[in-house]
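Hi,

Here is the structure I promised you, with my notes underneath. Have a look at it first, then read on.

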Amino acid sequence: MIMEHPEKHFLVTGTAGFIGFHLANLLLEGGHRVTGLDQINDYYDPDLKYARLESAGIPREQVQPGVMVKSRKYPAYNFLQMDLEDKKGVMRLFEEHRPQIVVHLAAQAGVRYSLTHPHVYLSSNMEGFLNILEACRTFPVEHLVYASSSSVYGLNKKMPFSEHVPVDHPVSLYATTKRANELMAHTYSHLFGIPTTGLRFFTVYGPWGRPDMALFLFTERILRGKPIDVYNHGKMERDFTYVEDIVKGVEAVSYLPPERNDAWDASPVDPARSSAPYRILNIGHSSPVPLMDFIRALEEALGKKAVLNKMPMQPGDVPATWADVSELTRLTGYRPSTDVYTGIHRFVEWYREYYKV
């Protein structure tokens, strides 16, 4: 295989999770070395997390806290079960393995869950990220790429959403923690010169997805003949983005750390840039799809009609998302190519195979 980039050692957090699993596989197929990290909590079915690891050659029976496990499929892949709130453990990992590029995807996900379990978000998303920043400060890396979210746009109405507008009105604690991560990253970029890129993900879906997300929930309930909850009476739009397109964009960004820019003008303030080696980028399909069209595509893929339970908007939710990805495209050439119809069919094929339905 001819590599476009020299071999790198990546630390990817959240590799038992949805996006982290796909990213680790992409990097390993590209000839890179990957150290994977995950807490493997029970926010959703841990069996799915272990199955992702098994698919990447990490035997479930060998996974235990604090033990590095070598993949049977990828010689350059090692996995460690660890809680990112373990400051000493994170420091020890960086000291012993010295990653060159860190892609931090581990976090407590879910807007709705944050309404009922707020303290989990502060410990996981804030303290865990602080420990990553401290480790990157103590054992310098070439680039820290981390997951933010489209949810930071909150009450913003102007679309498509641009990184260059303020995002000061989040409507969920999950979004608040993600915005806080962006501010924390800027502080560390400014004070300690750590090159950081925050990626605002827009509604990622695809095979091996999270069971708490709409596509997974809809598929399960439609196949069982149960109604699906459709919020805002179906008057929703989402910038659905297929996971393979997402991880290609993440990889492309990882090779391009931002540089210090002493010519940056703080007036007017551009919240996506700085004099520090810091940037914020949207990563999405940039083609919002009405929720009802999404449901119709799923019905076609399943060969079964959905029973709709139309409901009001949920607290913490927004009616529409739409990513302006012009900055990411300019920087990397990023062009997502998977339409929703194709992506949903691929998900359904995986779902039927995985659950034998």
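Not counting neighbours within four places in sequence, H285 is in contact with D239, F240, T241, Y334, P336 and T338 (contact means heavy atoms within 4.5 Å). H285 sits in the loop between β12 and β13 (289-290), and its side chain reaches the backbone oxygen of T338 at 3.3 Å. That falls under polar contacts: a pair of N or O atoms within 3.5 Å where, within protein, one must be able to donate a hydrogen and the other to accept it, and residues adjacent in sequence count only if both atoms are side-chain atoms.

Before you go further: this is a predicted model, where local features need pLDDT of at least 70 and side-chain atom pairs count only at pLDDT 80 or more, while totals for chains, interfaces and linings use all residues. Residues are numbered from 1 along each chain as its sequence is written, and side-chain values use heavy atoms, with hydrogens and water left out.

Now the sheet. Eight strands make an open sheet with mixed pairing, in the order β3-β4-β2-β1-β5-β6-β7-β12. Strands (E, at least two residues) and helices (H or I, at least four) are DSSP runs, numbered from the N terminus, and two strands pair if DSSP finds at least two bridges between them. At the edges stand β3 (68-70) and β12 (278-283), each with a single partner strand, so one side of each has no neighbour in the sheet. From one strand to the next, the twist averages 20 degrees.

β6 (residues 143-149) and β7 (residues 196-201) pair in the parallel sense over six bridges, with A147 opposite L199. Helix α5 (residues 118-138) packs on the sheet, touching β1 (9-13), β5 (101-104) and β6, and its direction makes about 165 degrees with that of β6. (Axes are lines fitted to C-alpha atoms, for helices over the stretch in contact, and angles run from 0 to 180 degrees between N-to-C directions.)

On its other side, β7 pairs with β12, again in the parallel sense over six bridges, and T197 stands opposite R279. Is β7 buried or exposed? Six of its six residues are buried, meaning under 20% relative accessible area (exposed is over 50%, partly exposed in between; 1.4 Å probe, protein chains only). Both faces are covered, with T196, G198 and R200 on one side and T197, L199 and F201 on the other.

Y146, in β6, is buried too, at a relative accessible area of 1%. Its contacts beyond four places in sequence include H104, F129, N181, L199 and I280. Y146 and S254 are 108 residues apart in sequence but 9.9 Å apart in space, C-alpha to C-alpha.

Last, the cores. A nonpolar core is a set of buried Ala, Val, Leu, Ile, Met, Phe, Trp, Tyr and Cys residues joined through side-chain atoms within 4.5 Å. In the largest, with 45 residues, L53, Y77, V103 and F201 touch the most other members. Helix α1 (residues 18-29) gives the most to this core, with six residues. A second, separate core of 32 residues includes V289, F294, I344 and Y351.

Cheers
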